[in-house]
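Me: I would like to go through this model at the bench, one question at a time, with the reasoning spelled out for each answer.

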Amino acid sequence: MAFKGKVLICQGTSGVSGGAHIVSEALKQKLHESGLSDRYEIKRVGDRGLFRDVLIDIISPNGYRWTYERVSVEDVDEIVESHLIRGEPVKRLLAGDDYRMFFEGQLRWVLKNCGEIDPEDIEDYISVGGYEALRKALHEMTPEDVINEIAASGLRGRGGAGFPTGVKWRICRGYEAPTRYVICNADEGDPGAFMDRSVLEGDPHSVIEGLIIAGYAIGASKGFIYCRAEYPLAIRRLKIALQQARDKGFIGKDILGSGFSFDIVLKEGAGAFVCGEETALIASIEGRRGMPRARPPFPAEKGLWGMPTVINNVETLANVPRIIVNGAGWFSSVGTDGSKGTKVFALAGKVKNTGLVEVPMGVTLRQLVFGPGGGMARKGYAFKAVQIGGPSGGCLPEELLDTPIDYESLTQAGAIMGSGGLIVLDEGTCMVDVAKFFLSFTVAESCGKCIPCRVGLVRLYEVLDRITKGEGVEGDIEFLELLGSAIRETALCGLGKTAPNPVLTTVRYFRGEYEAHIKDRRCPAGVCVPLLRFEVDEGKCIKCGRCARVCPVGAIAWERGSFPIIDRSKCIKCRACIIECPEHAIN
Amino acid sequence: MVKEAFDIDALIERHGRERSSLIPLLQEIQSELGYVPKEAIKAVARELDIFEVEVYEVLTFYAQFRLTPRGKHVIKVCLGTACHVMGGQDIFNYVSQVLGVSAGETTKDGTFTLERVACLGCCGMAPVVAIDDQVHGRQTISKVEKLLREHAANDVGKGEHVTKDAK
Ligand SMILES: Cc1cc2nc3c(=O)[nH]c(=O)nc-3n(C[C@H](O)[C@H](O)[C@H](O)COP(=O)(O)O)c2cc1C
Ligand code: FES
């Protein structure tokens, strides 16, 4: 039989929200009508990481490949008739330079299968070498061998703290106990990060395989995947994947005849950021409030139900099968001295290409933002900062764009590697507002157990709030620094200890902006509403009328060739005009 | 009085009586009823042999749980980092103003519940709004206005505008 061609349709959360299901149905119908059903197979794949919904790949029976982006239902007929029947690709829909640029410079190990295989079909995973690592570990390696291999690879935790994974496993295995547990941390609470979601949606079996290998290495009887409830699609795909793995005998009793038995339970989070912290996560699985406790003892000694427990992040585990198959040397050949392998970043914000980018450790932030990121999104708005590491991380300015991405360099700059959220900010972003945003988040998510976090963060927030309302006073900045440092020294868990970072880094690198708010009662970025006057700067205005068109309440009067006039009594201060104006002419 | 529209025996059958079953039990009740009613709290406490206050303790800790019924449509406006810097707060303020409710509240006619969430994991499409778990990316005030109108129309069947009167 001749090889079949393939039509890949990206159906992660991004694809689905862009209408991938409808496009897929329409394609199926059209292929059927055109009598092409037996020459082309439609295949559902996960998101490839670039938000270009709906993304479709056509792979011809002889292996050539075309990528279409932003495909809608209306385009389906044309694609089938022109491309598949007449052999003329539809030029206007082919992925362009941005798409190429996005993938150039990436090294996709963890994301290798995302957007290439059907995440709901275990056979597809197996056909690209899936579960080979498990077979190898169980049949050719002792648990100690596995631990040594992972330790030698230099793999460090991708969930934030960067603890060496092999070392963690060895410590856990060293504690005598009736049983041990291993937990996959899929709580991904950092608001602005979506690496783990995409891996779970696009390649769930790689995480499951990593988890089983971890279980074998430490001698665990049971594994848990703790996934946040906000990811319904990831949860659905995990359930399917677990069932398939069970049916195939990769999970259960006497796996592959090795004598090793291991089960995996999926736990849904219930909406608490702090549950990403390992001791809180354990409390949550046990059915209690997710409050962290002081460490030591670390979970590796006393974890779930008091048993030695290893907790690893999704991306950490997804790396494990690849290391087992390709060897520690392969993994450690990429990266810097202290940080090996690759890291996946969730690139978002004011950058042209938003999406998942996987790069070797050690590339610089600049290479990331202006390479795959494609530079800034909006004309006339220059780069201002990157926020890296989420609520625990910091904002780094232009001068630090050449910082290499590795655990130590980022910490030195005042940010952290974190889980991999990377938000690009431009001139239209107010740094005080960003700091206040993160504080409002950590204030809401503080579990309330320790005083520095429960009370201290609120005090920080109050000061920031005053500043953004134009009520800042002399001494506020110094107070932020003093209190921020005190909280960092004294809070109980990682949440509180790192929560001041967004404030401290913005004060450190953008002091002038704080001063403008406090001394001049001005928000240079045009964000803080109480400081805005909603006036048209006639020196900058080009009379294009876009502000009038975008105003939802009709408060802006404009006629061709004249300046717009804003009716203050109708204005609801929604900022739609400010965001729309190409000339920064409204303030 | 809310009727006990959940089958506690079947739930216990599926999840067991361990303390670690508490959260999954409550999650399933909520996904059936849209919230966790008082009767459910009593029943769960009884079956797990713990105090009701222990159930409350857990319910009030996790943002997911609701103790009051929700509207027909749940609008979640994302205020995660990416959405925030892309104007999510403006969208939230607009929706809140138009519906006349703040976060966690339901319009008086029971059509919409407004919620704020911190990241739906779709940051590349920021700012994001999810209505009934359907994600809508790259929102602007005019797009959201249209979404609200469509959902209100669907429901009430009159095709009327969503205005402040909607509460
Ligand atoms: C407040 C807080 C939130 C956290 N959230 C997450 C998370 O969402 N995902 C994650 O993998 N680790 C998170 N961590 C880190 C975990 O505590 C833990 O270090 C990690 O899961 C260990 O896995 P790794 O060694 O593979 O990185 C968080 C830590 C803190 C203090
Ligand atoms: S910040 Fe809104 S989806 Fe991530």
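The questions and answers below deal with a predicted model, and they move from a sheet to salt bridges, a helix, a hairpin and the contact between chains.

Me: In the open sheet of five strands in chain A, which strands stand at the edges?
Reply: The five strands of this open sheet in chain A follow the order 10-9-13-11-12, with mixed pairing. An edge strand has a single partner strand, so one side of it is left without a neighbour in the sheet. In chain A this applies to strand 10 (355-360) and strand 12 (394-397).

Me: By how many degrees are neighbouring strands of this sheet turned against each other on average?
Reply: The sheet in question is the open one of chain A with the order 10-9-13-11-12. With direction ignored, the average turn between its neighbouring strands is 30 degrees.

Me: Within that sheet, do strand 9 and strand 13 of chain A run parallel or antiparallel, and which residue is the bridge partner of A:A348?
Reply: Strand 9 (residues 342-349) and strand 13 (residues 421-426) of chain A are joined by four bridges and run parallel. The partner of A:A348 lies in strand 13 of chain A, and this residue is A:I423.

Me: Which residue of strand 4 of chain A stands opposite A:D57, and which residue in the turn of the hairpin has a positive phi?
Reply: Strand 3 (residues 56-59) and strand 4 (residues 65-68) of chain A run antiparallel and are joined by four bridges. In this pairing A:D57 stands opposite A:T67. Five residues lie between the two strands of the hairpin, and the turn residue with a positive phi, of about 95 degrees, is A:G63.

Me: How many residues apart are A:E120 and A:R44, and which residues are linked with them in a network of salt bridges?
Reply: The side chains of A:E120 and A:R44 meet in a salt bridge at 3.5 Å, N to O. A:E120 lies in the loop between helix 4 (97-103) and helix 5 (122-127) of chain A, whereas A:R44 lies in strand 2 (residues 40-45) of chain A, so that the pair links distant parts of the chain, 76 residues apart. The network of salt bridges that holds both A:R44 and A:E120 also includes A:D118, A:R236 and A:R237.

Me: Is A:E120 buried or exposed, and does A:R44 count as buried or partly exposed?
Reply: The cut-off for buried is under 20% relative accessible area. A:E120 has a relative accessible area of 13% and is therefore buried. A:R44, at 28% relative accessibility, counts as partly exposed.

Me: Which parts of chain B does the salt bridge between B:R70 and B:E115 tie together, and which residue of the pair counts as buried?
Reply: The closest N and O atoms of B:R70 and B:E115 are 3.0 Å apart. Because B:R70 lies in the loop between helix 4 (52-61) and strand 1 (73-78) of chain B and B:E115 in strand 2 (residues 112-117) of chain B, the pair ties together parts that are 45 residues apart in sequence. B:R70 counts as partly exposed at 33% relative accessibility, while the residue that counts as buried, at 14%, is B:E115.

Me: Why is helix 12 of chain A largely enclosed, and which helix of chain B do its buried residues pack against?
Reply: Eight of the eight residues of helix 12 (residues 278-285) of chain A are buried, so this helix is largely enclosed by the rest of the structure. Within chain A, its buried residues pack against helix 8 (165-173), strand 5 (181-186), strand 6 (222-227), strand 7 (263-268) and strand 8 (309-313). The partner from chain B is helix 2 (22-33).

Me: What area is buried between chain A and chain B, and which salt bridge joins the two chains?
Reply: The contact takes 50 residues from chain A and 35 residues from chain B, and the area buried between them is about 3,400 Å², of which carbon and sulfur atoms give 61%. On the side of chain A, A:A270, A:R289 and A:F437 supply 17% of the area that this chain buries against chain B, more than any other three residues. The count between the two chains is one salt bridge, and with its closest N and O atoms 2.6 Å apart the pair is B:D90 and A:R575.

How values were computed: Residues numbered from 1 in each chain as written. Chains lettered and ligands numbered in written order. Predicted model: local features only at pLDDT ≥ 70, side-chain atom pairs only at ≥ 80, totals over all residues. Heavy atoms only, no water. Pairing = 2+ DSSP bridges. Axes fitted to C-alpha atoms, helices over the stretch in contact; angles between N-to-C directions. Salt bridge = Lys/Arg side-chain N within 4 Å of Asp/Glu carboxyl O. Buried < 20%, exposed > 50% of the residue type's maximum accessible area, 1.4 Å probe, protein only. Contact = heavy atoms within 4.5 Å. Buried area = accessible area lost by both parts, 1.4 Å probe.
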